[in-house]
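Please work through the following exercises with the sequence and the coordinates at hand, and attempt each task before reading its solution.

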Amino acid sequence: SHDIKSMSNDLKKRIKETEQFAADVSHELKNPLSGLKSSSDLLLTNKLDKENKKLLVHNMGRDIQRMNILISDIANYTLTQVEISEENFETINLINFLYDFKNSLSNDDYFITIQSIEKEVFISVNKNKLIQVLHNLLDNAFSYAEVKSKILINITTKYHQCYIDIVDQGPGISLKYKEKIFERFYTDRAQFRNEHTGLGLSISRSIIESFDGSINLSKSSYPGFNGACFEIKLPLKDVKKI
């Protein structure tokens, strides 16, 4: 009886989340669709001069680009939710993992520094999903920080927990938005709205929570790094018990 009740509550929760996600998707797609409909109606009137027609076609292209990115990110978000429920975990040395990840990057416009007192920090994660989180956070930093600036990844351990701080030298994000930025489709970057859907941080939080961890925006305490600071907390793995 207890198991059936638990399954029923879990099913209700998933149905509610699906309904909310569908409503969010519908809302986000309506904006570019409305823009395309208005532009199409204006073109059909055939009362615009050449310059205004050119501007209108440009705006239509922008709305189409926005829809393509939305559809791609929505599919990625949905796939991630499925993969999380089926993910395979393995124990890794986080320090070696981060250096391997850094060496795999091809972006030479930013300097990434990894620092840790510890030489070995073992955690149990799905490696591909953790890489996805790191890419999301670095893409977020790249979009704010100036070219040739630095990004710091600092690792510490305390009370059987591992802390990964990723901080940049950009303008930062106000802590009053520390929960808002993890909501689906939220973005405060109006000038880059056609490039960012606001799903990256929501996906990252879902992944980290599937590792029994947490991710939050915090105030940077690192000299020279006054931008956004994201703190990931994950449970340490005792390799002696493996």
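**Exercise 1.** Determine how many bridges join strand S6 to S7 and in which sense, parallel or antiparallel, the two run.

*Solution.* Strands are DSSP runs of E of at least two residues, helices are runs of H or I of at least four residues, and both are numbered from the N terminus; two strands pair if DSSP finds at least two bridges between them. Between S6 (residues 214–218) and S7 there are five bridges, and the two strands run antiparallel. As one example, isoleucine 215 has isoleucine 232 of S7 as its bridge partner. The model is a predicted one, in which local features need pLDDT of at least 70 and side-chain atom pairs count only at pLDDT 80 or more, whereas totals for chains, interfaces and linings use all residues. Residues are numbered from 1 along each chain as its sequence is written, and side-chain values use heavy atoms, with hydrogens and water left out.

**Exercise 2.** Extend the pairing to the whole sheet and give the order of its strands.

*Solution.* Begin with S7 (residues 229–235), which is joined to S5 (residues 161–168) by seven bridges in an antiparallel arrangement, with glutamine 161 opposite proline 235. Next, S5 pairs with S4 (residues 150–158) over eight bridges, again in the antiparallel sense, and here isoleucine 151 is partnered by aspartate 168. The result is an open sheet of five strands in the order S2-S4-S5-S7-S6, with mixed pairing. Its edge strands, each paired on one side only, are S2 (111–116) and S6. Neighbouring strands are turned against each other by 20° on average, direction ignored, where axes are lines fitted to C-alpha atoms (for helices over the stretch in contact) and angles run from 0 to 180 degrees between N-to-C directions.

**Exercise 3.** Describe which strands helix H3 lies across, and how H4 and H5 pack.

*Solution.* Helix H3 (residues 94–104) lies across S2, S4 and S5, and runs at about 170° to S2. Helices H4 and H5 (residues 200–210) pack at an angle of about 145°, with axes 9 Å apart. Their contact (heavy atoms within 4.5 Å) includes Leu130 and Val133 of H4 together with Ile203 and Ile207 of H5.

**Exercise 4.** Find which residues line the largest cavity, and say which strand gives the largest share.

*Solution.* On a 1 Å grid over the protein atoms alone, a cavity is a set of points where a 1.4 Å probe fits but cannot get out, and lining residues have an atom within 4 Å of a point. Searching the whole structure gives one cavity of 30 Å³ or more, the volume being the space filled by probe spheres set on the points, which are joined across faces, edges and corners. The lining consists of Leu137, Ala141, Ile151, Ile166, Val167, Asp168, Ala228 and Phe230. Two or more of these residues come from each of H4 (127–144) and S5, and S5 gives the largest share, three residues.

Conventions:
1 Å grid on protein atoms, 1.4 Å probe; cavity = no way out; pocket = protein on both sides within 12 Å on 5 of 7 lines; lining within 4 Å.
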